[in-house]
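This report looks at one helix pair and then at the empty spaces in the structure. Please keep the 3D view open while reading.

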Amino acid sequence: MPSPERLFGDLFHDVQLSGLFADSKTFVDCTPKQAPEAILAAYHTERTQPDFDLDTFVNQQFDRPSAVASGYVSDTSVPTQEHINRLWPHLTRAADVPVANSSRVALPHPYVVPGGRFREIFYWDSYFTMLGLREAGRTDLIRGMLDNFAYLIDTVGFIPNGNRTYFLSRSQPPFFALMVGILADIDGPGVLATYLTQLQKEYDFWMTDVSQLSADKPQSRRVVRLPDGTVLNRYWDELATPRPEAYRQELELTPAAEQRGIDPGVMYKHIRAACESGWDFSSRWLADRHSLVTIHATDIVPVDLNCLLYTLEQTLQQAYKQVGNQERANAFEQLADQRKAAILGTFWNDETGFFHDYDVVAGKQTTALTLAGAFPLFMKLATPDQASRVHDCLKTEFLQPGGWVTTLQKTGQQWDWPNGWAPLQWIVYDGLLTYGFSETTNQGRDRWLALNDKVFKATGKLMEKYNVVDAALTTGGGEYPNQDGFGWTNGVYLAMVTKRG
């Protein structure tokens with residue numbers, strides 16, 4: 001399944017650098033009206049004509065995409081919860097009909113998309129969307145989306161960032177096991193057996209090359225061996241080229257990288273790895289905490305990723321037990337225990353009272369304090385004392401008038417101060433609630449919901465992210481404007497309204 005830059009070659013390059021589309025994602029989401037070879041042949045002939053116009057040519061040869069739910073008019077007189085439930089049909093795509101040479105990877109079941117420029121299913125977004133679908137009674141959509149992810153695992157070999165050909169070199173935070181857990185809570189534990197094969201394939205993808213690690217070769221793809229022999233995971237992308245959906249922006253970084261003596265290909269790989277993390281972009285990946293050209297995401301072993309894989313190992317242990325394979329169940333119980341010890345030993349910092357990422361090249365923890373440090377609470381990994389100290393830091397440093405701020409660094413990147421994101425609000429909320437910090441939990445929850453309500457009443461929208469520090473201002477950072485819709489914001493809102501500490 002070739003992606004658009006391979007299908008359209010110099011036409012792709014020329015369009016993306018022309019400024020024809022303000023957003024580089026627009027062109028890669030266009031649908032060609034005929035075979036790429038025919039379009040390219042026409043381009044090579046027509047572009048030499050004195051009256052050639054690239055915009056006209058693209059309109060003749062491609063159908064442009066529209067924003068999701070672009071024609072929907074919100075009724076701000078209704079409660080936010082009712083608005084969300086009215087919006088689900090507008091964010092839902094029917095099962096895809098395959099279209100030749102489209103960048104969309106066709107899925108066999110209906111699914112919910114985030115909204116705005118995000119016209120496809122996204123991996124980790126979908127878990128948080130499912131939280132809301134569960135409260136809305138839409139088990140049919142939860143099951144369909146889960147079956148779509150199982151289909152992708154079986155056909156592609158893993159769950160890509162989203163169902164686009166230009167996403168097929170990377171994944172996203174591995175929430176598949178938690179999605180299976182949502183359906184198991186609804187339908188019963190037999191669901192674990194239903195998806196056992198795909199759970200195992202998901203694990204195999206993240207652990208690819210683990211048997212090849214050694215003291216002489218401590219890193220390969222998504223696995224990393226620490227000096228003491230501990231094996232943990234990192235984010236990765238095998239390609240060393242600009243992402244097609246951000247082509248112009250990333251090419252424009254090249255001169256600044258070269259001035260600093262940074263290989264652009266290496267920079268592109270780090271950028272892609274950060275995109276696999278979902279945190280694109282954040283100071284947690286930047287060597288100088290400010291400039292994107294200093295990104296070194298593949299050097300970092302993230303605490304949140306390894307907590308998610310711990311849960312995957314636990315889920316596989318339960319699934320193998322469900323089917324009566326005690327030997328495999330015992331093996332995954334041991335793997336989960338080993339990873340838990342590694343997480344607590346590698347990421348906990350007793351001086352700061354917080355969980356930090358680990359820089360495998362520097363051989364030490366990073367200094368960044370981010371909401372990723374709440375994942376050990378969400379996954380029930382932290383000791384009570386650790387949870388108490390994390391709570392104190394979260395309450396003192398991260399809790400703002402509109403909810404939990406993502407990091408304490410003001411960089412202009414969208415996964416930094418002053419922005420708050422629905423998925424991380426849920427991670428902190430549920431994690432603190434698990435350890436009994438209901439007063440702080442409800443305080444953060446109420447501030448976030450009030451901000452969501454305020455923006456909805458003012459704009460008729462729920463947003464992808466919010467400025468939680470100053471609600472009078474909009475969010476900043478990122479390579480595209482704030483998007484409305486919005487799948488995971490809707491899901492977390494409904495889940496928080498229902499579940500109170």
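In this predicted model, helix α1 passes helix α3 in a left-handed crossing. The axes of α1 (residues 4–18) and α3 (residues 36–46) come within 8 Å. They cross at roughly 45°. The two helices are therefore oblique to each other.

On the α1 side, the contact is made by Leu7, Phe8, Asp10, Leu11 and Asp14. Helix α3 contributes Pro36, Ile39, Leu40, Tyr43 and His44. By class, the residues of this contact are seven nonpolar, one polar and two charged.

Next, the open space. The largest pocket has a volume of about 580 Å³. Its lining counts 23 residues, and the closest to its centre are Tyr127, Leu178, Gly181, Asp185 and Lys380. Four helices give two or more residues each to this lining: α6 (123–135), α8 (176–187), α14 (303–322) and α18 (422–434). Helix α8 supplies the largest share, six residues.

What about enclosed space? A search of the whole structure finds three cavities of 30 Å³ or more. The second largest holds about 90 Å³. Of the 13 residues that line this second largest cavity, Tyr72, Leu87, Lys461, Asp484 and Gly485 are the closest to its centre.

The table sets out both linings by residue class.

| Space | Nonpolar | Polar | Charged |
|---|---|---|---|
| Largest pocket | twelve residues | five residues | six residues |
| Second largest cavity | five residues | six residues | two residues |

Methods:
Residues numbered from 1 in each chain as written. Predicted model: local features only at pLDDT ≥ 70, side-chain atom pairs only at ≥ 80, totals over all residues. Heavy atoms only, no water. Axes fitted to C-alpha atoms, helices over the stretch in contact; angles between N-to-C directions. Parallel < 35°, antiparallel > 145°, perpendicular 65-115°, else oblique. Left-handed = near helix turned anticlockwise from the far one by under 90°. Contact = heavy atoms within 4.5 Å. Nonpolar A, V, L, I, M, F, W, Y, C, P; charged D, E, K, R; others polar. 1 Å grid on protein atoms, 1.4 Å probe; cavity = no way out; pocket = protein on both sides within 12 Å on 5 of 7 lines; lining within 4 Å. Points joined across faces, edges and corners; volume = space filled by probe spheres on them.
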